[in-house]
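Thank you all for making the time this morning. I would like to walk you through one structure, taking a pair of packed helices to begin with and the charged side chains after that.

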Amino acid sequence: MLIKKFSQIGISDISAVGGKNASLGEMYNQLASKGVHIPNGFATTSTAFWKFLRQNDIQETLENIIAGLDRIDYTNLALIGERARSLILKSTFSNSFSKAIGKAYKDLCGEEEVEVAVRSSATAEDLPDASFAGQHDTHLNIKGEVALLEAVKKCFASLYTDRAIKYREDKGFLHKDIALSVGVQLMVRSDKGCSGVGFTIEPESGFENTILLSGVWGLGENIVQGTVNPDEFFVFKPGLRKSKFPIIQKKMGDKKLTMIYAPEKEKATTLNIHTPIEQQNKYVLTDEEIITLGKWALVIEEHYKKPMDIEWAKDGISNTLFITQARPETVHQNKNKQVRIEYQLQEKGKILAQGNAVGSKIKVGIAVLLNSPTDAKDLTSDSIIVTDTITPDWDPLLKQVGGIITNKGGRTSHAAIVARELGVPAIVGCGNATEHITNGQTITMSCAQGKTGYIYSGKLSFEEREIDFSGIRMPDTEVKFILADPESAFQLSFYPNNGVGLLRMEFIITHLVQIHPMALIKFDELKDDKAKKHIEKLTAGYKKRDVFY
């Protein structure tokens with residue numbers, strides 16, 4: 001079979017349609033009855049991919065090209081990848097395959113051709129120990145049979161992007177064993193709405209009672225690529241299950257760019273435009289929508305019986321929310337929760353920048369300021385990359401370095417996901433790191449102080465210790481926390497405890513709220529213009545400032 005409709009696909013079809021498409025088919029068939037919205041579509045099969053290679057007589061040539069890869073320093077990775085992709089792009093689809101795609105597209109569209117999303121899905125993708133996140137290509141806003149066939153071939157070729165080749169090498173997958181399926185899915189008009197990513201656990205600590213949702217205006221590439229800093233929403237699962245108000249934190253991102261469809265006369269299919277200030281200062285989701293997505297994320301996790309990494313989109317025309325992808329979370333589910341590695345700074349230093357902490361490590365190293373991955377030279381485990389943003393093209397470099405710092409991106413960006421998989425500390429979404437850190441400077445990056453990561457000037461001493469909770473025997477009396485910093489709550493939850501005995505409210509106000517309650521109640525009476533501007537920035541997105549408190 002060359003084509004399978006989503007209605008014919010389940011999670012057992014990974015070998016036929018890849019992990020991404022198998023999951024979409026599973027959710028389309030099993031979760032729609034539970035209220036989860038999945039856009040309809042179809043997928044080309046692995047059988048179609050293998051037939052394509054055989055009919056063009058390129059399978060052996062591809063294997064010979066890959067055999068020439070320098071597996072020590074990967075100095076010829078770009079050349080090998082270019083040769084492999086070029087070979088596929090020059091090949092032709094058989095009439096039967098082209099007609100099968102055309103018929104499936106017409107069945108999906110009905111009477112009038114509509115835009116679709118064309119997504120790559122490898123047969124080794126979205127597995128519990130290998131996400132392949134961002135390794136293969138996606139093409140958005142594709143309309144018409146000719147454009148669709150071209151996009152499908154480009155997806156086939158993306159099996160041999162430089163980053164995908166290197167990822168398979170690192171993970172020990174044999175290139176010749178992996179096929180590529182292409183998912184064709186009705187396009188959600190998130191260009192007129194919003195889109196984002198979600199994790200059904202807190203992605204840094206692995207805390208299982210929280211769902212993290214993040215979102216941006218427009219198409220979702222900006223959030224995945226880390227081009228902008230997204231809004232973040234934390235949803236408490238026990239609150240969802242008990243029908244209590246479950247949103248425990250909202251954090252506004254700058255969302256400076258919005259990706260939209262390009263006009264038909266443009267060569268590109270999408271454009272990035274500047275987001276109006278009014279939209280930058282507005283949350284992409286209402287509380288009701290956050291709760292709806294939280295409920296869906298919980299349904300998806302309970303169906304798969306494992307933590308999940310999801311993608312969502314809101315159609316700006318119909319105002320309808322959709323789930324467009326779901327894959328297993330690959331970092332925390334296999335970890336030994338009885339053993340924790342704890343890092344602690346032993347001294348204070350000058351803070352150069354701060355952002356979203358990825359992981360919990362501390363790393364001392366040399367800052368290497370880069371504009372693009374092609375500028376990199378002689379990177380070592382003591383190198384800490386400092387750049388504006390990181391896309392999948394950077395992936396072959398990331399395993400060489402000791403840390404990653406970016407101006408843009410959230411904790412659900414591609415850079416954050418890959419950093420977690422590699423166990424490399426990262427601080428993303430700093431805003432101005434490249435302005436305050438100089439090339440060659442010795443810096444200390446700390447992800448050990450909760451959700452916020454800090455970059456310090458110079459080499460600071462720190463302690464690293466392993467704690468094995470399995471040998472700790474709790475006393476008969478209750479052992480409860482005295483907590484002052486909500487940022488540390490998720491990580492501390494894994495320590496043996498009987499709950500929280502005391503909250504230091506004054507510290508929570510100082511560090512998290514950051515505003516005296518009376519300054520919110522009597523805001524109009526404040527004389528300090530600088531303080532008023534800071535309060536306005538912190539409370540953006542709230543109609544009433546006391547509600548923020």
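Let me begin with a question: in which hand, left or right, does H5 pass H6 in their crossing? Please keep in mind throughout that what you have in front of you is a predicted model. The crossing of H5 past H6 is right-handed, and the residues that make the contact are Phe-97, Ser-98, Ile-101, Gly-102 and Tyr-105 on the H5 side, with Glu-145, Leu-148, Leu-149, Val-152 and Phe-156 on the H6 side. Sorted by character, the residues of this contact comprise 7 nonpolar, 2 polar and 1 charged.

As a general matter, two packed helices are described by the angle between their axes and by the distance between those axes. Here the axes of H5, which covers residues 95–109, and of H6 come within 10 Å, and they cross at roughly 120 degrees. With that angle, H5 counts as oblique to H6, because the range called roughly perpendicular runs from 65 to 115 degrees.

Let me turn now to the charged side chains. Side chains of opposite charge can pair when their charged atoms come close, and a search of the whole structure returns 26 salt bridges, of which I will take a few.

Staying with H6, we find a salt bridge between the side chains of Lys-154 and Glu-150, with a distance of 3.4 Å from N to O. These two residues are 4 apart within the helix, which spans residues 145–157, so about one helical turn separates them. Lys-154 is partly exposed, at 36% relative accessibility, and Glu-150 is likewise partly exposed, at 45%.

How many residues apart are Asp-170 and Lys-399, which also pair? Their side chains meet in a salt bridge at 3.8 Å, N to O, and the pair, 229 residues apart, links distant parts of the chain, with Asp-170 in helix H7 and Lys-399 in the loop between helix H12 and strand S18. Asp-170 has a relative accessible area of 32% and is partly exposed, and Lys-399, at 46%, is partly exposed too.

Are Asp-191 and Arg-189, our next pair, buried or exposed? Both of them are buried, and in the salt bridge that they form the closest N and O atoms are 2.9 Å apart.

Finally, salt bridges can also join up into a network, and one such network in this model links Lys-5, Lys-103 and Asp-107.

Technical notes:
Residues are numbered from 1 along each chain as its sequence is written. This is a predicted model: local features need pLDDT of at least 70, side-chain atom pairs count only at pLDDT 80 or more; totals for chains, interfaces and linings use all residues. Side-chain values use heavy atoms; hydrogens and water are left out. A salt bridge is a side-chain nitrogen of Lys or Arg within 4 Å of a carboxyl oxygen of Asp or Glu. Buried means under 20% relative accessible area, exposed over 50%, partly exposed in between (1.4 Å probe, protein chains only). Axes are lines fitted to C-alpha atoms, for helices over the stretch in contact, and angles run from 0 to 180 degrees between N-to-C directions. Angles under 35 degrees count as roughly parallel, over 145 as roughly antiparallel, 65 to 115 as roughly perpendicular and the rest as oblique. A crossing is left-handed if the near helix is turned anticlockwise from the far one by less than a right angle, and right-handed if clockwise. Contact means heavy atoms within 4.5 Å. Ala, Val, Leu, Ile, Met, Phe, Trp, Tyr, Cys and Pro count as nonpolar, Asp, Glu, Lys and Arg as charged, and the others, Gly among them, as polar.
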